[in-house]
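Visitor: Could you take me through one part of this model at close range? I would like to see the second largest pocket and what lies around the chain elsewhere.

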Amino acid sequence: MAPHFGGEVHTRDPDGTPIVVKLPHDFKTISNTIIPSGGGDSNDQFQLGEIQNAYGNHVGQWSLAATCRLPETEWAIRPYYLHYFDDHSMMFFDHAWRDMLLGFELSFPANRFIDKFVYEYLTTKDQSGAVYWDHTPEIPEQVSGRDNYYNHYLYPGWNHWGMGMGNPLIISPIYNANGSLAFYHNRIKGHHFGFSGRPTDEIAYRALLSFTRSWGTYDNPSPTILHNVNALVEATYSPRRIAGWDFRLSLGADGGDLLGKSFGAMLTIRKTGWIK
């Protein structure tokens with residue numbers, strides 16, 4: 001689990017005038033962030049959610065993995081499950097855990113074709129449902145839906161210099177044409193495949209392929225379902241005559257509605273150990 005809090009928020013009031021909101025960062029706020037809780041008596045409309053719910057922008061995950069190795073063989077399978085939560089409602093069991101990252105990694109006995117295979121299924125469409133209502137004195141009921149993964153009503157999206165800090169299939173804000181730091185495609189379903197092998201003692205390879213469909217966000221849904229595909233093929237040559245040196249060629253491509261078409265290549269020359 002990880003939060004960020006404090007700092008300044010640059011926003012606008014209802015008539016469009018730019019304003020700066022200075023968020024609290026005293027010891028009490030730090031305590032209310034480490035143990036997520038709200039409170040306070042600020043009349044600032046921009047901090048109302050912090051007072052009613054919890055200080056800061058919190059994200060986290062529950063994860064589970066297990067590895068099974070077949071006796072007297074080199075076969076192994078490792079299934080794993082990850083449940084992401086963006087607020088308290090999905091941290092425990094207020095809602096069904098419909099969103100998940102579910103995958104498995106399969107290791108093969110020694111051969112010259114393939115040594116590992118991985119498959120992952122990702123779905124983030126539910127987000128506790130499409131309805132959100134914060135309790136008021138007039139209507140005290142709380143409906144905690146529309147979690148809006150990686151986004152927050154005060155803070156910028158959960159990113160570092162525009163790159164999303166999470167699953168790469170959720171498109172990072174750095175690709176937003178308008179310069180916004182929000183995530184515009186956080187309701188997705190995706191499939192990821194990968195496999196690797198070592199045909200010879202000196203040559204290794206890996207291949208990755210991902211397919212994604214996006215419904216946008218609850219606040220800004222896509223008019224149509226958008227598609228995306230990403231691929232990578234990589235080969236590494238490690239000659240035994242010059243131990244410690246690797247020569248790697250990587251080819252990558254994107255396609256579909258989300259990122260458009262692109263192609264790239266990278267040549268890497270790497271030395272490990274002492275240079276003699």
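Guide: Gladly; the pocket comes first, then the cores, one helix and a few single residues. This is a predicted model, in which local features need pLDDT of at least 70 and side-chain atom pairs count only at pLDDT 80 or more, while totals for chains, interfaces and linings use all residues. Residues are numbered from 1 along each chain as its sequence is written, and side-chain values use heavy atoms, with hydrogens and water left out.

The second largest pocket has a volume of about 530 Å³. A pocket here is an open set of points on a 1 Å grid over the protein atoms alone, where a 1.4 Å probe fits, with protein on both sides within 12 Å along at least five of seven lines; lining residues have an atom within 4 Å of a point. The volume is the space filled by probe spheres set on the points, which are joined across faces, edges and corners. Its lining has 29 residues, and P168, L169, S210, N230 and D254 lie nearest the centre. At least two lining residues come from each of β8 (116-123), β12 (163-164), β13 (188-197), β14 (203-216), β15 (221-237) and β16 (245-256); strands are DSSP runs of E, at least two residues, and helices are runs of H or I, at least four, numbered from the N terminus. The largest share, 4 residues, is that of β15. By class the lining has 15 nonpolar, 12 polar and 2 charged residues, where Ala, Val, Leu, Ile, Met, Phe, Trp, Tyr, Cys and Pro count as nonpolar, Asp, Glu, Lys and Arg as charged, and the others, Gly among them, as polar.

Now to W215, in strand β14. With a relative accessibility of 17%, W215 counts as buried, the term for under 20% relative accessible area, with exposed over 50% and partly exposed in between (1.4 Å probe, protein chains only). Leaving out residues up to four places away in sequence, W215 touches K125, R187, I188, K189, P221, S222 and I225, contact being heavy atoms within 4.5 Å. Its C-alpha atom is 6.8 Å from that of H185, 30 residues away along the chain.

I188 also belongs to the largest nonpolar core, which has 14 residues; Y84, L122, Y149, Y150 and I170 join I188 as those with the most contacts inside it. Such a core is a set of buried Ala, Val, Leu, Ile, Met, Phe, Trp, Tyr and Cys residues joined through side-chain atoms within 4.5 Å. Two or more of its residues come from each of β6 (76-85) and α3 (88-91). Beyond neighbours within four places in sequence, Y150 is in contact with Y84, D86, G157, W158, G166, N167, I170 and F183.

F183 is touched by S172 too, along with G162, M163 and G164, when residues up to four places away are not counted. S172 sits in the loop between β12 and β13 and is buried at 9% relative accessibility.

Another loop, between β8 and β9 (132-133), holds Q127. Q127 is not a glycine, yet has a positive phi of about 55°, and its relative accessible area of 1% makes it buried. S128, in the loop between β8 and β9, is likewise no glycine and has a positive phi of about 70°; S128 is buried at 9%.
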